[in-house]
Amino acid sequence: MPDTARFDPEHCPLSRQMQFLLHTLQRLSLVRTLNDIQHIVAHAARELTGCDGATFVLRENGQCYYAEEHSISPLWKGQRFPLEACVSGWCMQNGTAAIIPDVFADPRVPHSAYRETFVKSMVMVPIRTLD
């Protein structure tokens with residue numbers, strides 16, 4: 001086989017993403033705390049998607065708890081919102097992803113909360129859907 005036909009993983013974007021994902025899974029297999037899991041997942045989600053921000057939201061006592069975030073500027077880390085008042089709650093209640101190209105055109109989004117942020121679109125994905 002000629003050298004030009006060899007697969008070079010260093011020059012393949014998909015391969016780099018797979019290597020990053022594998023590294024992330026290895027890191028997750030070693031952690032012992034929920035905080036470490038949240039940190040790794042939020043950072044990996046942002047890195048893998050190339051988005052401006054990623055959050056890790058937990059369902060606690062009928063509320064969405066914004067436990068971790070990795071973004072270009074602070075959003076809601078540490079805050080709690082009713083499940084019925086935000087997209088993350090909608091995803092948790094429906095067990096499905098929400099793809100929102102324009103946060104100001106979607107009725108599930110509390111528009112006033114996003115007016116002063118960098119967020120213009122979003123994808124929210126539930127982690128657990130078997131409950």
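Which residue forms a salt bridge with D106? In this predicted model, the partner is R108, and the closest N and O atoms of the two residues sit 2.8 Å apart. The two ends of this bridge are not covered to an equal degree: D106 has a relative accessibility of 11% and counts as buried, whereas R108, at 24%, is partly exposed. That pair is a handy way into the structure, but it helps to step back and look at the overall layout before going on.

The chain is built from 4 helices and 5 strands. Walking along the sequence, these elements come in the order α-α-β-β-β-α-β-α-β. The chain has 131 residues, and 29% of them count as buried. As for how the chain folds back on itself, take the contacts between residues at least 6 apart in sequence: 32% of these join residues at least 24 apart. On the outside, about 8900 Å² is exposed, with carbon and sulfur atoms supplying 55% of that area.

Back to the charged side chains. The structure holds 3 salt bridges, and the one between D106 and R108 has already been met. Another brings together the side chains of E60 and R80, at 3.0 Å from N to O. Here E60 belongs to strand 1 and R80 to strand 3 (residues 80-82), so the bridge ties together parts of the chain that are 20 residues apart in sequence. Both ends can be reached from outside to some extent: E60 is partly exposed at 28% relative accessibility, and R80 is partly exposed too, at 42%. E68 and K77 make up a further bridge, with an N to O distance of 3.2 Å. In this pair E68 is buried, at 9% relative accessibility, while K77 is partly exposed at 46%.

Not every buried charge has a partner like this. R46, found in helix 2 (residues 34-49), is buried yet has no salt bridge. The nearest side chain of opposite charge belongs to D52, and it is 4.9 Å away. A salt bridge calls for a distance within 4 Å, so this pair does not make the cut. What, then, is R46 in contact with, leaving aside its neighbours within four places in sequence? The list runs through C51, D52, G53 and A54, and then picks up H70, S71 and I72.

Helix 3 (residues 87-94) shows how one helix can be fitted against several strands. Its buried residues are V87, S88, G89 and C91. These pack against strand 1 (53-60) and strand 2 (63-71), and also against strand 4 (98-100) and strand 5 (122-124). An α-helix has 3.6 residues a turn, so residues three or four places apart point the same way. Right after helix 3 comes G95, with a positive phi near 65 degrees.

The surface has a feature of its own to offer. M18, L21 and L25 make a nonpolar patch of about 270 Å². Of these, L25 has its place in helix 1 (residues 13-30). At 48% relative accessibility, L25 counts as partly exposed.

How values were computed: Residues are numbered from 1 along each chain as its sequence is written. This is a predicted model: local features need pLDDT of at least 70, side-chain atom pairs count only at pLDDT 80 or more; totals for chains, interfaces and linings use all residues. Side-chain values use heavy atoms; hydrogens and water are left out. Buried means under 20% relative accessible area, exposed over 50%, partly exposed in between (1.4 Å probe, protein chains only). Helices (H or I, at least four residues) and strands (E, at least two) are DSSP runs, numbered from the N terminus. Contact means heavy atoms within 4.5 Å. Accessible areas come from the Shrake-Rupley method with a 1.4 Å probe; for residues, only the protein chains shown count as cover. Lys and Arg count as positive and Asp and Glu as negative; His and the chain ends are not counted. Patches are made of residues with over 30% relative accessible area and no salt bridge: like charges are joined within 9 Å, nonpolar side chains (Val, Leu, Ile, Met, Phe, Trp, Tyr) within 5 Å.
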